[in-house]
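User: I'm new to this structure and would like to go through it with you. Could you take my questions as they come?

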Amino acid sequence: MKDTLIFEESREGRRGFTLPAAGISGGAKEDFLPKAYRRSTPAALPELSEVEVVRHFTGLSMKNYGIDLGFYPLGSCTMKYNPKVNEDVVLLPGFAELHPLQTAETAQGTLELLHGLITDLCGITGMRWGTLQPFAGAHGEFTAMKLFRAYFDHRKDDHRKKILIPDSAHGTNPASAHLAGFQVVELPSDPEGYVDLEALEEHLDDTLAGIMLTNPNTLGRFEKDIRLIARKIHQAGGLLYYDGANMNAILGHARPGDMGFDAVHLNIHKTFSTPHGGGGPGSGPVLVGESLEPYLPVPDIRRDGDTFRWASEHRPRSIGRVSGFYGNIAVLLRAVCYLRMMGSEGLKAAGTLAVLNANYLKRHLTSLFDSPDKSLCKHEFVLSAKTWKEKHGITALDIAKALLDRGIHPPTIYFPLTVPEALMIEPTETESRETLDSFVDTLKDILTTAKKDPEALHRAPEKMPVSRIDEVRAAKTPILRWRKER
Ligand SMILES: Cc1ncc(COP(=O)(O)O)c(C=O)c1O
């Protein structure tokens, strides 16, 4: 497969199209466009034949790896199968050709579906109402933190600045709280990976704004004392925020609202099946309980009898808009389709199978690696390659790279930070037993190589278009566009 850029394949004068004659009479074609608007030099566009263009883009797509190609156990990211019927639905012209500036009267069908989606998400999470505006999980977190701020400001509790965040949390949690003007306090986990209740007690004072938790947490463990934690935080005057990125684990089984949370964000692109990765597309609706409802973003979708409209007047204390328009509608419509297709029983089954698959893998893999805990997990679990590093010089990174050569997307590595040489595995609900067994066999094969020929693993990946890249340089000085002069 060629590694050239489409610009490098370009040959002057080569064309992939033929246009009919313009059919405009009167003068040379240059005269139709006023001189001031004409280019002085031709646009630097690649010139190729149709077949070359098709081969180029097909080649690029074959270099990519996705859930449609194979197993993708990327913990915390929930790369679950995305039913193709979702795509058929969002491509219906009535949805695909909607314009964000269209009036509500001309988009009644979509508004009804979005209104129904908020209702369904409230049912799933045990909340009262919400907003579909945020474009990602992190954006939802930030929105929820702004709601917290508005709540405390309205109560003239502006000295409440402290947000507690467990040390196992996703990095976006402290970032969102900080951006919303809160002071982040890291909460240690106890030896089993749960919130350390003694450490929590130390922060229950009148500077406490609240806590951000994901449950199950990033170790795949369900905070068994969540009701107690919620009671303590509320008694101290604080609020609880639920990071719903791990909602896949408890779908239809447990609801953040019943656990005592005041606000939830959902990662629609994960839990409710939109193809995502590489930064998008996403959607992070925020659902809230009674205390935060007055502050929700506007415009809101209101139902008057059989009609739906955008409304702001009923929310004088709103934090305002958090998105230019109404959110990532195509992602939200995919979620509507997925929810309708699954129904409540289907969602519950998805949660059950996600947990079953994770425990099946955990059972087969804990004897091969160090494991922070051997108990049952929820939808994901974390292993550590610490001993492999100490004995054979093989790191979590080496294992991840070796998986690439064997046709499997690696699990999340080096997260959570509390586990050294972490490998965080989330198989999701749709994988068969054969796929899970084959993943176990592949890891065994890699570990056999680690003992016999560790150097081979340091060289991995050898079958990919690029091998080990300088990740710091790639992050600090990314080359995002082609420049002719180079
Ligand atoms: C636990 C957790 N919280 C929050 C996020 C942030 O979500 P997003 O990537 O949509 O911003 C993620 C994303 O991976 C996550 O795993």
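User: Is Thr 428 buried or exposed?
Analyst: This is a predicted model, so we're working from computed positions. A residue is buried if 20 or more other C-beta atoms lie within 10 Å of its own. Thr 428 has 23 such neighbours, so Thr 428 counts as buried.

User: Where does Thr 428 lie, and what is its phi near?
Analyst: Look in the loop between strand 12 and helix 15 (433-452), where Thr 428 lies. Most residues other than glycine have a negative phi. Thr 428 isn't a glycine, yet its phi is positive, near 70 degrees.

User: What about Lys 156: buried or exposed?
Analyst: Lys 156 is in the loop between helix 6 (137-154) and strand 2 (162-166). Like any exception to the glycine habit, it's worth a look: Lys 156 is not a glycine, but has a positive phi of about 60 degrees. A residue with 12 or fewer C-beta neighbours is exposed. Lys 156 has 7 inside 10 Å, so it counts as exposed.

User: Which residue follows Val 298 across a cis peptide bond?
Analyst: Most peptide bonds are trans. The bond from Val 298 is cis, with omega near -5 degrees. Its partner sits in the loop between strand 7 (286-288) and strand 8 (300-304), and that partner is Pro 299.

User: And which residue does a cis peptide bond join to Phe 415?
Analyst: Here omega is about 0 degrees. The residue in question lies in the loop between strand 11 (412-413) and strand 12 (422-425). The residue joined to Phe 415 is Pro 416.

User: How far apart in space are Arg 340 and Leu 117?
Analyst: Arg 340 has its place in helix 12 (residues 329-365). With 15 other C-beta atoms within 10 Å, Arg 340 falls between the limits for buried and exposed, so it is partly exposed. In sequence, Arg 340 and Leu 117 are 223 residues apart. In space, C-alpha to C-alpha, the distance is 9.9 Å.

User: How many residues of helix 2 are buried?
Analyst: Helix 2 covers residues 50-63, and at 1.5 Å a residue its 14 residues should span 20 Å. The end C-alpha atoms are 20 Å apart, which agrees. As for cover, helix 2 has hardly any: the count of buried residues is zero.

User: Which domains is the protein divided into, and how far apart are the C-alpha centres of domain 2 and domain 3?
Analyst: There's domain 1 (6-63), domain 2 (84-341) and domain 3 (351-474). 18 residues of domain 2 are in contact with 14 residues of domain 3. The side of domain 2 that touches domain 3 has six nonpolar, nine polar and three charged residues. The C-alpha centres of domain 2 and domain 3 lie apart by 31 Å.

User: What is the radius of gyration of the protein?
Analyst: The protein has 17 helices and 12 strands. For 486 residues the globule rule gives 23 Å, and the computed value is close to that, so the protein is as compact as a globular protein of that length. The radius of gyration is 26 Å.

User: Which residues come nearest to the ligand?
Analyst: There are 15 residues around the ligand. By class, this shell divides into four nonpolar, 10 polar and one charged. The ones that come nearest are Ser 76, Gly 137, Ala 138, His 170 and Ala 245.

Technical notes: Residues are numbered from 1 along each chain as its sequence is written. This is a predicted model: local features need pLDDT of at least 70, side-chain atom pairs count only at pLDDT 80 or more; totals for chains, interfaces and linings use all residues. A residue is near a molecule or strand if its C-beta atom, placed from the backbone, lies within 6 Å of it. Ala, Val, Leu, Ile, Met, Phe, Trp, Tyr, Cys and Pro count as nonpolar, Asp, Glu, Lys and Arg as charged, and the others, Gly among them, as polar. Helices (H or I, at least four residues) and strands (E, at least two) are DSSP runs, numbered from the N terminus. The radius of gyration is taken over C-alpha atoms; the globule rule is 2.2 Å times the number of residues to the power 0.38. The expected span of a helix is 1.5 Å times one less than its number of residues. Domain bounds come from an automatic or database domain assignment. Two residues are in contact if their C-beta atoms, placed from the backbone, lie within 7 Å.
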